[in-house]
Each structure stands twice: as C-alpha cells, then as structure tokens.
Amino acid sequence: MQSLGHRFRDIEHHPLLSENDNYDSSPVETEMADRVWFIRDGCGMVCAVITWLLVFYADFVVLFVMLLPSRDFWYSVINGALFNCFAVLALASHLRIMLTDPGAVPKGNATKEYMESLQLKPGEVIYKCPKCCSIKPERAHHCSICKRCIRKMDHHCPWVNNCVGEKNQRFFVLFTMYIALISAHALILCGFQLFFCVRGQWTECSEFSPPVTVILLIFLCLEGFLFLTFTAVMFGTQIHSICNDETEIERLKSEKATWERRLRWDGMRSVFGGQPSFLWINPFAGLPIRRFVLRARKGEAEFSV
C-alpha cells in the first residue's frame with residue numbers, strides 16, 4: 001500500500017472525488033447546515049443594500065408617482081398588486097441566495113486523522129485545496145472572497161454577496177427572473193405614464209411637479225433598462241448552464257467533463273428539485289422556519305461563514 005503522502009496531494013484541479021461521494025460528510029458540515037450562511041464582505045454587503053434600495057425606489061415611483069394618482073381604480077389595483085408581488089418574490093429570492101450555503105466544503109477537514117479514517121484503497125488518490133486545507137470534491141472550486149471551496153461553483157456575485165453554487169443556484173435563477181419581470185413591468189408603466197402625461201399636458205398627472213415627475217420617471221427607465229438587460233442575460237446563461245450541466249467556471253476554463261452530464265430536464269430537476277410545479281418558482285419553498293425559531297429560542301448562534 002502506498003504511503004499517505006502518495007495518496008494525499010496538494011492540488012487545485014481535477015479531483016477524483018465525485019459530488020455524490022460521502023467523503024465530506026462530517027459533524028462540521030452537519031452543524032453548518034443548521035446555521036444561516038453569511039459572507040462578511042464589505043463590497044458584497046454594500047451591493048446587496050444597493051439592490052434593495054433600487055427595488056424600493058422602483059416601488060416608490062410605481063406606487064406614488066404612477067398608480068395612486070391614476071383615476072382608473074382597477075388599473076392601479078391590478079398593476080400595484082402585480083408589481084409588489086414580483087418585488088416581494090425578488091427580494092425573498094435575494095435573501096435566500098444570500099443566506100444559503102452555496103455548497104461549501106468544510107474548512108480544514110484534510111487532516112491526517114480524517115484521511116486515515118477514510119480507509120482509502122491502495123493507489124486511490126484524493127485531492128486537497130492548499131488554500132483552505134479541505135478535501136476537494138469533483139467540480140469544486142475555491143472562492144477567494146468566501147475563502148472556501150464551493151461545490152459546482154458557477155461564480156461569485158457581489159450583488160447577492162455570495163457564491164452561486166450547488167445549493168443556492170435555484171434562488172439565483174429566481175432572483176434574476178423576478179428582477180427582470182419587475183424591470184419590464186416598470187418600463188411598460190413608465191411608457192403609459194409618459195403618454196398620459198403628455199396627452200393631458202401634465203395636468204393631474206402626478207402629485208409631484210412636472211420636472212420632478214420627469215426626473216423620477218427617467219431614472220426609473222434607466223434603472224429598469226439596465227436591470228432588465230443584465231438579469232435577462234444572466235437568467236438565460238443560468239438556464240443554459242443548467243441544461244448543459246456545465247458551470248460558468250467550467251465553461252471559461254474549457255474543462256473536460258469527467259462526470260455524467262444531466263442534460264435539459266434532468267439538469268433542471270436536479271437544481272429545482274422534483275417534477276415541474278409551482279414550487280420551482282416559489283423562493284419560500286423549503287424554508288426551515290421552524291428549525292430557526294427553535295434554535296433562536298435556545299439562544300444558539302445562527303450565522304456561519
């Protein structure tokens with residue numbers, strides 16, 4: 001049998017552990033699953049706050065500049081309910097992806113004692129990450145911001161202050177989808193509002209003065225156009241990656257697939273879970289509220305990084 005040094009290599013690519021193996025199951029990871037994940041990155045936290053403020057700004061303009069002053073009651077009610085519904089779903093998706101462990105490998109689990117407990121076969125090779133000293137499963141990559149190896153890491157997004165990986169990709173897809181929907185809705189409402197204001201010569205168009213109204217609508221149009229373009233492109237690339245079972249990092253690095261690909265619907269089911277249903281587009285599905293309430297009553301710490 002080869003020595004432990006021959007079986008344990010410091011390398012950062014092409015690991016032989018598959019994502020379905022149980023080598024990384026440990027009490028540390030089990031404890032992490034009971035905690036809320038949060039990355040203490042200054043840039044990411046600022047970007048996350050800006051995201052929420054921009055959504056609140058759009059909601060303010062839609063409600064107080066366009067819908068409430070309207071004389072058409074049902075026009076205001078239907079569009080207000082629809083816009084706010086999508087906004088709540090977008091912010092809920094943002095929270096879920098920001099506070100969900102993306103699939104982090106336990107840090108520092110590549111110890112001699114743990115390696116010996118794996119009872120590896122002669123000649124069997126596994127790999128460790130030299131940066132976080134963890135056993136590296138197949139398709140995992142190290143994130144310099146999270147300072148962890150992330151399973152099926154797609155990319156690190158500062159706007160959600162987290163990595164997009166194996167366990168939270170669904171929420172990122174939902175976030176981009178709902179942001180694209182409210183952006184498109186806001187642009188349509190801005191178009192109608194400008195048309196009505198010009199036709200009515202800005203009389204009773206808004207409770208704000210015409211110059212202020214124009215500035216608010218123009219800024220919302222710019223915001224809506226930029227966010228719609230960005231999130232629509234991201235949504236399309238994410239769906240393409242899921243259907244081809246290839247992360248953005250793997251595509252950019254042109255890594256040869258050493259795993260069995262889950263194509264199209266198999267890939268969608270592996271990310272969203274189960275057969276197609278409304279649960280796929282519900283960011284509240286699977287929210288462990290009862291577990292967090294019980295742990296909060298016990299006064300236990302909830303956050304991990």
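Is Cys 197 buried or exposed? Cys 197 is buried, with a relative accessible area of 1%. The close-ups below take that residue and several others in turn, all from a predicted model.

**View 1. Cys 197 in helix α6, with Pro 210 in the frame.** Cys 197 sits in helix α6. Its relative accessible area of 1% is under 20%, so Cys 197 counts as buried. If you follow the chain for 13 residues you arrive at Pro 210, and the C-alpha atoms of the two are separated by 8.9 Å.

**View 2. The second largest pocket and its lining.** This pocket has a volume of about 350 Å³. It is lined by 14 residues, and those closest to its centre are Ser 70, Arg 71, Phe 196, Glu 204 and Cys 205. Helix α6, spanning residues 169-199, gives the most to the lining, with four residues. By character, the lining divides into six nonpolar, four polar and four charged residues. If you are curious how such a space is found, rolling a probe the size of a water molecule over the atoms shows where empty space is left.

**View 3. A nonpolar patch on the surface.** Here Phe 60, Phe 64, Leu 68, Phe 208 and Val 212 come together, with about 430 Å² of accessible area between them. One of these residues, Phe 64, belongs to helix α3, which covers residues 42-67. Phe 64 has a relative accessible area of 41%, which lies between 20% and 50%, so it is classed as partly exposed.

**View 4. Leu 217 in helix α7, with Met 66 alongside for the distance.** Helix α7 covers residues 210-244, and Leu 217 is part of it. Leu 217 is buried because its relative accessibility is 0%. Met 66 is 151 residues away from Leu 217 in sequence, yet their C-alpha atoms are 9.1 Å apart in space.

**View 5. Lys 147, a loop residue with positive phi.** Lys 147 is not a glycine, but its phi is positive, at about 60 degrees. You will find Lys 147 in the loop between β5 (140-143) and β6 (148-151). With a relative accessible area of 51%, Lys 147 is exposed.

**View 6. Asn 161, with positive phi in the loop between β7 and β8.** Asn 161 is likewise a residue other than glycine, and its phi is positive, near 50 degrees. The strands on either side of its loop are β7 (155-157) and β8 (162-164). Asn 161 is buried, with a relative accessible area of 0%, whereas Lys 147 in the previous view is exposed.

Key. Residues are numbered from 1 along each chain as its sequence is written. This is a predicted model: local features need pLDDT of at least 70, side-chain atom pairs count only at pLDDT 80 or more; totals for chains, interfaces and linings use all residues. Side-chain values use heavy atoms; hydrogens and water are left out. Patches are made of residues with over 30% relative accessible area and no salt bridge: like charges are joined within 9 Å, nonpolar side chains (Val, Leu, Ile, Met, Phe, Trp, Tyr) within 5 Å. Accessible areas come from the Shrake-Rupley method with a 1.4 Å probe; for residues, only the protein chains shown count as cover. A salt bridge is a side-chain nitrogen of Lys or Arg within 4 Å of a carboxyl oxygen of Asp or Glu. Helices (H or I, at least four residues) and strands (E, at least two) are DSSP runs, numbered from the N terminus. Buried means under 20% relative accessible area, exposed over 50%, partly exposed in between (1.4 Å probe, protein chains only). On a 1 Å grid over the protein atoms alone, a cavity is a set of points where a 1.4 Å probe fits but cannot get out, and a pocket is an open set with protein on both sides within 12 Å along at least five of seven lines; lining residues have an atom within 4 Å of a point. Grid points are joined across faces, edges and corners, and a volume is the space filled by probe spheres set on the points. Ala, Val, Leu, Ile, Met, Phe, Trp, Tyr, Cys and Pro count as nonpolar, Asp, Glu, Lys and Arg as charged, and the others, Gly among them, as polar.
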